[in-house]
Amino acid sequence: MVLYLPQNHVRYSNTRLAEASINGIVRRMVNLPRSILGGFSRVMNGGRRNRTLPSSYQYQILQQDTPYVPEEWSFLTSFQYQYGSMHPFFYACRFAEALKIAEDDHKFLFLYLHSPDHPFTPSFCEDTLCSELVVQFLDANFICWGALANRGEGLQMAITLGATSFPFCAVIAPAPGESITVLQQLEGPLSPADLVEILQRTLEEQGSAFGSSKLKREEKIKADRRIREEQDKAYLAALKQDKERERLKNPPLVLPKKAMDERLKQNSPIKQQGRVKETTFTRETPNKDPANKGKDSHPSSQILIRFPNGEKRERRFSSMDKVKSIYSYVDSLGLPGTENYRLIASFPRRVYGTDEMNMTLKDAGLHPRASLFLECQ
């Protein structure tokens, strides 16, 4: 089913796009609320924090057995309960943390404010936001964050961005200081094709504006790396000179010929008779497991696993390992909230479930490298 915008919304969207094509840049600066600024400051000063819940909370939330839902999971829990697990990968974290993830990954943030009681919400979620086209496009190009528009940070962002109607979406980029840059703002229902077209155009028109800053950051990183390498070389050269001076200051002791002959006599086999033979130990080389011996000959596959709280884990597997090996690795971490989950590749979207467990990583298209999302069910 294709959804069409009311006439006033169509004019609004076309005006925004025309303005973007004429002036090149359409954006506005918005100051973040004070409560969100506190979280943003903590993220910037302390790095990305792991915001996971105890497993008991996770289980109760996903089963809808408790009225208490922590703020980070309120939207995702409500959304999955009503529309299922086929949706963009929304990060279950604070807005400031999602913004930091977007900045680290050099991507824009796609913000969605969910108004459950609005008449346009069900059709937009089912037909547009959960469509395969939109899911694959958002997972490949954006960091997605959602919130309930009537509580917590979702309500604060609705007021800050001046949301007047729903569904409400926005494309946001980090900005210096205590503000964000709103690159695109969409209000009202949209078809999947219309939404992807607007987002694609936003990427093309706005991406160049932030490309220069990204290039400056990369150049700074390279310059810092060069400085560290030069400092390491200078340190090693100085250390080598110190050792050489120490060696010249304290030359090795040379024994006179008589003392040397006496030491050789004491260490001769005849002198050794009558002494207690010292026990000698030999270090045996452990035998390699024949099963691992064949596995070492196969090239390795590099797998990056991204968790809903923003945490990333990277590990190398043999290309002939099975998909279930990745599940075993995730289970071995013992992270809260991983009692019931599945692994998903974003673009093209593919679910690695029970049917793929015994496939090799090479046959499953996960070689030589792949990025997977961990999605709780």
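Let me start with Glu375, which counts as buried at 5% relative accessibility, in what I should say at once is a predicted model. This glutamate forms a salt bridge with Arg342, and the closest N and O atoms of the two are 3.0 Å apart. Since Glu375 lies in strand β10, residues 369-376, and Arg342 in strand β8, residues 341-345, the pair ties together parts that are 33 residues apart in sequence. Arg342 is buried as well, with a relative accessible area of 16%, where the cut-off for that label is under 20%.

Which residues are linked with these two in a network of salt bridges? The network takes in Asp139 and Arg349 along with Arg342 and Glu375.

Let me turn to a second pair, Arg313 and Glu311, whose salt bridge has its closest N and O atoms 2.8 Å apart. Here the two partners fall into separate classes of accessibility, in that Glu311 is buried, with a relative accessible area of 10%, whereas Arg313, at 26%, counts as partly exposed.

A third pair sits within a helix, namely Glu197 and Arg201, whose side chains meet in a salt bridge with an N to O distance of 3.3 Å. Because they are four residues apart in helix α9, about one helical turn separates them. Glu197 is partly exposed, its relative accessible area being 41%, and Arg201 also counts as partly exposed, at 29%. A search of the whole structure finds eight salt bridges, so please take the pairs I have described as examples from that set.

Staying with helix α9, which spans residues 192-249, I would point out that Arg226 has its place there. Arg226 is one of the residues that form a positive surface patch, together with Lys222, Arg225 and Arg228.

Finally, some values for the chain as a whole, for those of you who want the wider setting. The protein chain contains 13 helices and ten strands, and of its 377 residues, 41% are buried. If we take the contacts between residues at least 6 apart in sequence, 69% of them join residues at least 24 apart. How much area does the protein chain expose, and what share of it do carbon and sulfur atoms supply? The exposed area comes to about 22,100 Å², and carbon and sulfur atoms supply 52% of that.

Notes
Residues are numbered from 1 along each chain as its sequence is written. This is a predicted model: local features need pLDDT of at least 70, side-chain atom pairs count only at pLDDT 80 or more; totals for chains, interfaces and linings use all residues. Side-chain values use heavy atoms; hydrogens and water are left out. Helices (H or I, at least four residues) and strands (E, at least two) are DSSP runs, numbered from the N terminus. Buried means under 20% relative accessible area, exposed over 50%, partly exposed in between (1.4 Å probe, protein chains only). Contact means heavy atoms within 4.5 Å. Accessible areas come from the Shrake-Rupley method with a 1.4 Å probe; for residues, only the protein chains shown count as cover. Patches are made of residues with over 30% relative accessible area and no salt bridge: like charges are joined within 9 Å, nonpolar side chains (Val, Leu, Ile, Met, Phe, Trp, Tyr) within 5 Å. A salt bridge is a side-chain nitrogen of Lys or Arg within 4 Å of a carboxyl oxygen of Asp or Glu. Lys and Arg count as positive and Asp and Glu as negative; His and the chain ends are not counted. The place of a charge is taken as NZ of Lys, CZ of Arg, CG of Asp or CD of Glu.
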